[in-house]
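Colleague: Can you open the model for me? I have a few things to ask while we look at it.

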Amino acid sequence: MPDNLGAQPGSTPGAPAFERLCLIGIGLIGSSIAHIARQKALARTIVAMDVSADVRRRVAELGLADKVAETAEVAVHDADLVILCVPVGAIGEVARAIAPHLRDGAILSDVGSVKSAVIADVAPCLPKNVHFIPAHPVAGTEQSGPDAGFAALFRNRWCILTPPLEADPKAVARLAAFWTAAGANVEIMNPAHHDLVLAITSHVPHLIAYNIVGTAADLEEVTQSEVIKFSAGGFRDFTRIAASDPTMWRDVFLNNKEAVLEMLGRFNEDLTALQRMIRRGDGQGLFDLFTRTRAIRRGIIEQGQETAAPDFGRRKGEPNGD
Ligand code: NAP
């Protein structure tokens, strides 16, 4: 794939798609974008900014960016692509701070796991000459911080763009090309639909994992050491998900309330039906459901979003679809 995919018409062949990429928030996602942007020469210059001085120091040590700025206002100076990689609850505040400093015609994007709330927070504060194109790379691990990132994180994962109806198609195409060059498959979606889909595929599963691990930790009859010792029987995979970043996931639930509560309602109804099947000894009902769910797992593997390995194909540092 050519590195200049998405380059502006009339730009030099072979030139990077963007002159100056600014990443704000250099954790797992921000550092992974920095790695792949560097590897594929997607931008001539990469500028990074993080609120934490320790992270900024580490970013410099790791050579993740050409420049490390101390404030977001300075970091965005002259950038033609700015990607906000901070927790969902901080995206609005960063957008308000940088809005007056964004370059004319710049593309402003984000990677937040929730879209409607982010758009409601960010869109009103932006000047007209900035293209706001929200995005969500559906790829992650349970690790955080600048050391956690790696270039292959987005490979063969979906990146969902939720551009407003009035968005400039050329700007959308440029951002889509950036993510395609980073290895992702791009899909365009309406933000409310994104939030509903992700509520069931990512947010509720995380809540279930947090809940089951919390329940196990609070049990009186089963000791913590027994829980850890016998965790291979299904519990271990939940603990991996429940080890995900507390700030990120707190913000996801606070900002995707409606869709999560809607999906939880359905989940509770189905759980009650399962309880009834167990109580009534409805073996056929249980068998039929488990057969249907097995087919869904096979479908995911067939679409290349997982492997058939017994550990679900996940070794440390490998991506999953968060
Ligand atoms: P992360 O590893 O915790 O990194 C976030 C970084 O942003 C931290 O270094 C944090 O610093 C910094 N930060 C917080 N507030 C800031 C501010 N106001 N200005 C500048 N920097 C700030 O998180 P992540 O996993 O990369 O997630 C980042 C975003 O990606 C979130 O919106 C999340 O919803 C989305 N996302 C995550 C995943 C995933 O699986 N992890 C997948 C897809 C999308 P401090 O730690 O000092 O606060």
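Colleague: Is P164 buried, exposed or partly exposed?

Modeller: Partly exposed, because its relative accessibility is 31% and the partly exposed class runs between 20% and 50%. Bear in mind that this is a predicted model.

Colleague: Where in the fold is P164?

Modeller: P164 is in the loop between strand 8 and helix 6.

Colleague: And how far is P164 from I133?

Modeller: Their C-alpha atoms are 7.2 Å apart in space, with the two positions 31 residues apart in sequence.

Colleague: What does the backbone oxygen of I133 lie 2.6 Å from?

Modeller: A polar atom of the S109 side chain. S109 belongs to strand 5, residues 107-110, and S109 is buried, at 1% relative accessible area.

Colleague: Different topic. What about M49, buried or exposed?

Modeller: M49 counts as buried, with 9% relative accessibility. M49 is part of strand 2, residues 43-49.

Colleague: How far is M49 from P205?

Modeller: C-alpha to C-alpha, M49 and P205 are 31 Å apart, and in sequence they are 156 residues apart.

Colleague: On to the ligand. Which residues come nearest?

Modeller: L28, I29, D50, V86 and S113, out of 29 residues around the ligand.

Colleague: What do I29, V86 and S113 each put close to a ligand oxygen?

Modeller: For I29 a polar backbone atom is 2.9 Å from an oxygen atom of the ligand. V86 also uses a polar backbone atom, at 2.7 Å from a ligand oxygen. With S113 a polar side-chain atom lies 2.7 Å from an oxygen atom of the ligand.

Colleague: How much of the ligand's accessible area does the protein cover?

Modeller: 85% of the 900 Å² that the ligand has on its own. The ligand sits in the second largest pocket.

Colleague: Which elements supply at least two residues of the shell around the ligand?

Modeller: Helix 1 (28-39), helix 4 (88-98) and strand 7 each do. Helix 4 gives the most, with four residues.

Colleague: Now the aromatics. How many aromatic pairs does a search of the whole structure find?

Modeller: Four. One of them is F154 with W179: the ring centres are 5.0 Å apart and the planes are at 85°, so the pair is edge-to-face.

Colleague: Why edge-to-face?

Modeller: Because planes over 60 degrees apart count as edge-to-face, and the F154 and W179 planes are at 85°.

Colleague: Where do F154 and W179 lie?

Modeller: F154 is in the loop between strand 7 (135-137) and strand 8 (158-161), and W179 is in helix 6 (residues 169-181). The pair therefore ties together parts that are 25 residues apart in sequence.

Colleague: Are those two residues buried or exposed?

Modeller: F154 is buried at 1% relative accessible area, and W179 is buried at 0%.

Colleague: What about W249 and F253, how do their rings sit?

Modeller: That aromatic pair is tilted, 6.0 Å centre to centre with 40° between the planes. W249 and F253 are four residues apart in helix 10 (residues 246-255), so about one helical turn separates them. Both W249 and F253 are buried.

Colleague: Last one. Which residues form one cluster with F154 and W179?

Modeller: F18 and F178 join F154 and W179 in one aromatic cluster.

How values were computed:
Residues are numbered from 1 along each chain as its sequence is written. This is a predicted model: local features need pLDDT of at least 70, side-chain atom pairs count only at pLDDT 80 or more; totals for chains, interfaces and linings use all residues. Side-chain values use heavy atoms; hydrogens and water are left out. Rings of Phe, Tyr and Trp (its six-membered ring) pair if their centres lie within 6.5 Å; planes under 30 degrees apart count as stacked, over 60 as edge-to-face and the rest as tilted. Buried means under 20% relative accessible area, exposed over 50%, partly exposed in between (1.4 Å probe, protein chains only). A residue is near a molecule or strand if one of its heavy atoms lies within 4 Å of it. A polar contact is a pair of N or O atoms within 3.5 Å; within protein, one must be able to donate a hydrogen and the other to accept it, and residues adjacent in sequence count only if both atoms are side-chain atoms. Accessible areas come from the Shrake-Rupley method with a 1.4 Å probe; for residues, only the protein chains shown count as cover. On a 1 Å grid over the protein atoms alone, a cavity is a set of points where a 1.4 Å probe fits but cannot get out, and a pocket is an open set with protein on both sides within 12 Å along at least five of seven lines; lining residues have an atom within 4 Å of a point. A molecule sits in a cavity or pocket if more than half of its atoms lie within 2 Å of its grid points.
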